[in-house]
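This report describes a ligand site, the arrangement of several helices and the backbone of two loop residues. The account should be read alongside the sequence and coordinates shown below.

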Amino acid sequence: MIFIENLNFGYSDHKVLSIPKMEIKEDQQLLILGKSGSGKTTLLHILGGLLAPNEGKVVIGKTDIYKLSQSQRDKYRGQNIGLVFQKAHLVSALNVGGNLLLAQYLSGAAQDKGRVKEVLEELNLGHKVRSKVKALSQGEQQRVTIARALLNRPRVILADEPTASLDDDNAFKVIELLKRQAQNYGAALAIATHDQRVKDEFEVQLNLNM
Ligand SMILES: Nc1ncnc2c1ncn2[C@@H]1O[C@H](COP(=O)(O)OP(=O)(O)OP(=O)(O)O)[C@@H](O)[C@H]1O
C-alpha cells in the first residue's frame, strides 16, 4: 500500500508536484500519465524513497519512509520496493544470473541462487540464466529488470517508462507481466508513462497534466 498526503516538491523555486492525497492499495495498479516534464519520474523517485519531498508524507505499508534515516530508507527500499526503469541498467560484464545475484547482494539480502532461478523461471527466462546480457533482446532485458525488481518479493513495484523502448508486442507483454506479477505478489503497482499505447490497460490513473 502507498499513501501520500500533502505532497509538495520543487527543484529550487521551480514547483513540480502538488498532490493533496492519494492512496494505492495492495492490489491496485496505478498509471501515472503526463507530458514530458510534468513530474512523472520525480513522483516515482519520491515514492521509491530516492528523493525527499519538500512537504508531505509518503507511507508504504505502515512505514512513513521520510521519517527514516537515509540508511534505514535505503535498506527499506532494498527489501520492500521493486524498481523498473526504462533502460535496463544491467551490468554487461555479468551474465543474467550474476546480475540478479549482484542485486541481491546490493539490497543487503542473502544471495540465494534458488530464488534467482525461481524468479527467472516465473518470467520465462530460466534458460537465460547463463546468457550474457548483451546477447538478450530488449524485451528480454526488460524482463530481467522486472525479475530483478521482484527478487525480494516487494510490497510496491514502481516502473518508469518500462515500455518506451519496446515495440507494440513487447510493450503489451511487459505491461501484462508487471500487472500479473504485482497481483501474484500482492504488491501495489505504479507505472509512469507517456506511452499512449498502454493507457487503456489501467483503471486507476493519475494525470499530472492537470
Ligand atoms: N535534477 C533536477 N534539477 C532541476 N530540475 C529538474 C531535475 N530533474 C527534473 N527537473 C525538472 O523537473 C520537471 C519534472 O521532471 P521529470 O523528469 O519528473 O518529468 P517527467 O514527466 O518524468 O518527464 P519525461 O517524460 O520527459 O521523462 C521538469 O521540468 C524537469 O526539467
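## Loop residues with positive phi

E161 is located in the loop that links β7 and α6. The model is a predicted one, and in it the phi angle of E161 is positive, at about 45 degrees, although E161 is not a glycine.

A second residue of this kind is found in the loop between α5 and β7 (156–160), where R153 has its place. The phi angle of R153 is near 50 degrees, again a positive value in a residue other than glycine.

## Composition of the ligand shell

The ligand is surrounded by 13 residues. The closest of them are S36, G37, K40, T41 and T42. Sorted by class, the shell contains eight polar residues, three charged residues and two nonpolar residues.

Which secondary-structure elements each supply at least two residues of this shell? They are the strand β2 (14–24) and the helix α1 (40–47). Of the contributors, α1 gives the most, with three residues.

## Polar contacts and coverage of the ligand

Three side chains place polar atoms at short listed distances from the ligand. For K40, a polar side-chain atom lies 2.8 Å from an oxygen atom of the ligand. For T41, an N or O atom of the side chain is 2.8 Å from a ligand oxygen atom. Y11 is paired with a nitrogen atom of the ligand, from which a polar atom of the Y11 side chain lies 3.4 Å away. On its own, the ligand has 630 Å² of accessible area, and the protein covers 57% of this area.

## Packing of α3 against α4 and α5

Helix α3 (residues 96–106) takes part in two of the helix pairs described here. Its axis and that of helix α4 (residues 113–122) come within 10 Å and cross at roughly 120 degrees. At this angle α3 is therefore oblique to α4. The crossing of these two helices, α3 and α4, is right-handed.

With α5, the axis of α3 again comes within 10 Å, and the crossing angle is roughly 30 degrees. Because angles under 35 degrees count as roughly parallel, α3 is classed as roughly parallel to α5. The crossing of α3 and α5 is right-handed.

## Packing of α5 against α6

How do the axes of α5 and α6 lie, and at what angle do they cross? Helix α5 (residues 138–150) and helix α6 (residues 168–185) have axes that come within 11 Å and cross at roughly 15 degrees. This angle makes α5 roughly parallel to α6. The crossing of α5 and α6 is right-handed.

The loops described at the outset adjoin these two helices: R153 lies between α5 and β7, and E161 lies between β7 and α6.

Notes
Residues numbered from 1 in each chain as written. Predicted model: local features only at pLDDT ≥ 70, side-chain atom pairs only at ≥ 80, totals over all residues. Heavy atoms only, no water. Near = heavy atom within 4 Å. Polar contact = N/O pair within 3.5 Å; in protein donor to acceptor, adjacent residues only side chain to side chain. Areas by Shrake-Rupley, 256 points an atom, 1.4 Å probe, with all protein chains shown as cover. Helix = DSSP H or I, 4+ residues; strand = E, 2+ residues; numbered from the N terminus. Nonpolar A, V, L, I, M, F, W, Y, C, P; charged D, E, K, R; others polar. Axes fitted to C-alpha atoms, helices over the stretch in contact; angles between N-to-C directions. Parallel < 35°, antiparallel > 145°, perpendicular 65-115°, else oblique. Left-handed = near helix turned anticlockwise from the far one by under 90°.
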